[in-house]
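Thanks, everyone, for making time this morning. I would like to walk through the ligand site first and then turn to a couple of backbone details, so please have the structure open while I talk.

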Amino acid sequence: MTVDSVSGAQGVNSREETPNLQEIHDFLIDLAFKAGETITSALPLINGVGSKKNSSDLVTEYDRAVEQMVSTALREKYPQYKFHGEETYNPAHPLTDDPTFIVDPIDGTVNFVHGFPNACISLGFAVSRTPVVGVVFNPFTQMLYSAMRGKGAYLNRTTKLPLKGANIEPLRGLGNALIGVEWGSDRSGKNWETKIRTFERLGKAREDGGAMVHSMRSMGSAALNLCAVASGTLDLYWEGGCWAWDVCAGWVILTEAGGIIVDGNPGNWDAKVDGRKYLAVRASPDGEGQKEIIEELWSHIQGKFEY
Ligand code: IPD
């Protein structure tokens with residue numbers, strides 16, 4: 001099945017069943033609200049916090065419970081589609097071209113554990129590894145972002161993104177940009193060095209060779225960062241180390257809001273949803289300055305991500 005055969009598709013004749021994106025979108029929104037109740041019921045006391053790869057890579061019993069609830073519901077309603085979730089991921093079964101739900105039950109788990117209200121459920125659906133439906137819900141702020149390929153992106157179902165619509169300002173280079181970045185959980189080696197040295201270059205004064213960006217924000221959720229770029233409240237988001245479930249849903253929301261997403265390493269304009277390194281850029285009137293700001297950011301990257 002190709003992506004084009006599903007865009008906005010309902011009832012297209014094909015030997016394979018064509019995913020009904022509107023139905024999937026609406027079902028994912030219902031699931032996001034249900035998941036939100038479980039997530040908010042955890043506070044103020046979160047039980048069962050454990051770690052995975054290291055002490056900053058956290059998981060809670062709520063991550064597992066939400067993934068269980070979501071995967072059961074999706075498998076029941078859509079047994080024909082695959083499921084790819086953070087807490088049940090098995091490296092022996094990487095993402096394929098098959099229509100697949102790509103789910104992070106709680107994106108921003110570190111925030112969740114600390115009670116910092118920037119966490120969400122991220123529910124995506126991809127065909128041929130191209131994200132085509134995305135739903136991201138922060139139950140603490142009750143902000144729901146959603147999008148379907150070819151149909152635009154919305155906040156709380158009615159406000160079209162980006163928030164300023166046609167009045168969004170053109171991009172005017174890194175010197176005027178607010179950028180999302182993340183520390184992530186890899187704290188040693190080349191990937192860590194690449195991040196830290198690049199942060200320094202982005203922040204540093206121009207006369208010392210830096211980009212002197214307006215500032216950088218590290219808010220702890222890749223999915224919500226992508227939604228902030230889609231909204232136009234962040235100009236860019238650069239990251240290496242996150243996974244398809246962190247970005248799939250936000251990817252659709254961003255691109256449907258006129259933004260673009262490329263590889264987090266310089267030179268590759270064709271980012272992969274499971275490529276683990278990303279650079280997202282907000283909408284700009286007629287795309288003005290998008291290509292230039294991507295090349296400018298790439299020019300400041302120190303080293304290379306090895307994901
Ligand atoms: C993490 C968050 C974080 C990003 C990490 C992700 P999790 O997801 O999205 O912002 O920097 O790379 O793993 O663990 O909270 O689902």
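A backbone N or O atom of Thr109 lies 2.8 Å from an oxygen atom of the ligand, and I should say at once that this, like everything else I will describe, comes from a predicted model. Gly108 likewise uses a backbone N or O atom, which is placed 2.7 Å from an oxygen atom of the ligand, whereas for Glu86 a polar side-chain atom is involved, at 3.0 Å from a ligand oxygen atom. As for how covered the ligand is, taken alone it exposes 380 Å², and the protein buries 88% of that. The space that the ligand takes is the largest pocket.

Which residues come nearest to the ligand? Among the 14 residues around the ligand, these are Asp104, Asp107, Gly108, Thr109 and Glu239. By class, the shell divides into six charged, five polar and three nonpolar residues. Strand β4, which covers residues 100-107, supplies the largest share of that shell, with three residues. On the scale of domains, the ligand lies between domain 1 (21-160) and domain 2 (166-300), because both of them give residues to the shell.

Let me now move to the backbone, where two places deserve a careful look. Most peptide bonds are trans, and most residues other than glycine have a negative phi. Against that background, Leu161 and Pro162 are joined by a cis peptide bond, with omega about 0°, and Pro162 belongs to the loop between β9 (159-160) and β10 (178-180). The other place is Arg129, which is not a glycine and yet has a positive phi of about 65°; Arg129 sits in the loop that runs between β5 (120-127) and β6 (130-138).

Technical notes:
Residues numbered from 1 in each chain as written. Predicted model: local features only at pLDDT ≥ 70, side-chain atom pairs only at ≥ 80, totals over all residues. Heavy atoms only, no water. Near = heavy atom within 4 Å. Polar contact = N/O pair within 3.5 Å; in protein donor to acceptor, adjacent residues only side chain to side chain. Areas by Shrake-Rupley, 256 points an atom, 1.4 Å probe, with all protein chains shown as cover. 1 Å grid on protein atoms, 1.4 Å probe; cavity = no way out; pocket = protein on both sides within 12 Å on 5 of 7 lines; lining within 4 Å. Sits in = over half its atoms within 2 Å of the grid points. Helix = DSSP H or I, 4+ residues; strand = E, 2+ residues; numbered from the N terminus. Nonpolar A, V, L, I, M, F, W, Y, C, P; charged D, E, K, R; others polar. Domains from an automatic or database assignment.
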